[in-house]
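Me: Please take a close look at one part of this model, the nonpolar core, and work outwards from there. Keep it brisk.

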Amino acid sequence: MTYEQILIEPVLSEKTNRMREEGKYVFKVDPSASKIQIKEAVRKLFNVHPISCTVMVVGGKPKRVRYKAGYTSSWKKAIVRLPKDEKIALFEGV
């Protein structure tokens, strides 16, 4: 699995914007990726030195379309913490 396949997309919301001020960046990641693989992907793609990585699986929400009930897809989320002096340029200005 390549580094681009591990990190699918950044998660952008009001909560993650507040977390960025604390040096925490949130990504949607491949469900089979481990913490070590995620930290290495962030290190190589953004030239930063992650301190820690927290991983969680976000369960699908119940949805309904007319008379059919179902769930949205589950996905894996990673919160990567960086030192205070480092930032990811991709997120700046968003």
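Reply: The largest nonpolar core of this predicted model has 16 residues. Those with the most contacts inside it are Leu7, Phe27, Ile38, Val42, Val80 and Ile88. Strand 2, helix 3 and strand 6 each supply at least two residues of this core. In soluble globular proteins, nonpolar side chains tend to be buried together.

Take valine 80 as a first stop. Among the residues valine 80 touches are Phe27, Ile38 and Val42, which also appear among the core residues with the most contacts. The contacts of valine 80 further include Gly23, Lys24 and Tyr25. Pro50, Ser52 and Cys53 complete that list, which leaves out residues up to four places away in sequence.

Now phenylalanine 27. Its relative accessible area is 2%, under the 20% limit, so phenylalanine 27 is buried. The structure holds one aromatic pair. Phenylalanine 27 and phenylalanine 46 form this pair, with ring centres 5.9 Å apart. Their planes meet at 20°, so the pair is stacked; the cut-off for that label is under 30 degrees. The two rings come from distant parts of the chain. Phenylalanine 27 is in strand 2 and phenylalanine 46 in helix 3, 19 residues apart. Phenylalanine 46 counts as partly exposed, at 23% relative accessibility.

Lysine 76 also touches Phe27. This lysine is found in strand 6, residues 75–81. Lysine 76 is buried yet has no salt bridge. The nearest side chain of opposite charge is aspartate 30, 7.3 Å away. A salt bridge needs a nitrogen to oxygen distance within 4 Å. What does lie 2.7 Å from a polar atom of the lysine 76 side chain? It is the backbone oxygen of alanine 33. The contact list of lysine 76 also includes Lys28, Val29, Asp30 and Pro31. Ala33, Val55, Met56 and Val57 are on that list too.

Back to Gly23, one of the contacts of valine 80. Glycine 23 sits in the loop between helix 2 (14–21) and strand 2 (24–29). Glycine 23 is buried, with a relative accessible area of 12%. Its contacts are Val80, Arg81 and Leu82, not counting residues up to four places away in sequence. Glycine 23 and isoleucine 88 are 65 residues apart in sequence. In space their C-alpha atoms are 9.4 Å apart. Ile88 is one of the core residues with the most contacts.

Lys24, another contact of valine 80, takes part in a salt bridge. Lysine 24 pairs with glutamate 22, the closest N and O atoms being 3.9 Å apart. Lysine 24 is partly exposed, with a relative accessible area of 27%. Glutamate 22 is exposed, at 54%.

The count comes to three salt bridges. The other partners lie in helix 3, residues 35–46. Glutamate 40 bridges to arginine 43, with the closest N and O atoms 2.9 Å apart. Those two residues are three residues apart, about one turn of the helix. Glutamate 40 also bridges to lysine 44, at 3.9 Å between the closest N and O atoms. Here the spacing is four residues, again about one turn of the helix. Salt bridges that share partners join Glu40, Arg43 and Lys44 into one network. How exposed are the members? Glutamate 40 is partly exposed, with a relative accessible area of 25%. Arginine 43 is partly exposed at 30%. Lysine 44 is partly exposed at 47%.

Last, two backbone details in loops. Asparagine 47 lies between helix 3 and strand 3 (52–58). Its phi is near 55°, a positive value in a residue other than glycine. Asparagine 47 is exposed, with a relative accessible area of 65%. Arginine 66 lies in the loop between strand 4 (62–65) and strand 5 (68–71). Arginine 66 has a positive phi of about 55° although it is not a glycine. At 71% relative accessibility, arginine 66 counts as exposed.

Methods: Residues are numbered from 1 along each chain as its sequence is written. This is a predicted model: local features need pLDDT of at least 70, side-chain atom pairs count only at pLDDT 80 or more; totals for chains, interfaces and linings use all residues. Side-chain values use heavy atoms; hydrogens and water are left out. Buried means under 20% relative accessible area, exposed over 50%, partly exposed in between (1.4 Å probe, protein chains only). Contact means heavy atoms within 4.5 Å. Rings of Phe, Tyr and Trp (its six-membered ring) pair if their centres lie within 6.5 Å; planes under 30 degrees apart count as stacked, over 60 as edge-to-face and the rest as tilted. Lys and Arg count as positive and Asp and Glu as negative; His and the chain ends are not counted. A polar contact is a pair of N or O atoms within 3.5 Å; within protein, one must be able to donate a hydrogen and the other to accept it, and residues adjacent in sequence count only if both atoms are side-chain atoms. A nonpolar core is a set of buried Ala, Val, Leu, Ile, Met, Phe, Trp, Tyr and Cys residues joined through side-chain atoms within 4.5 Å.
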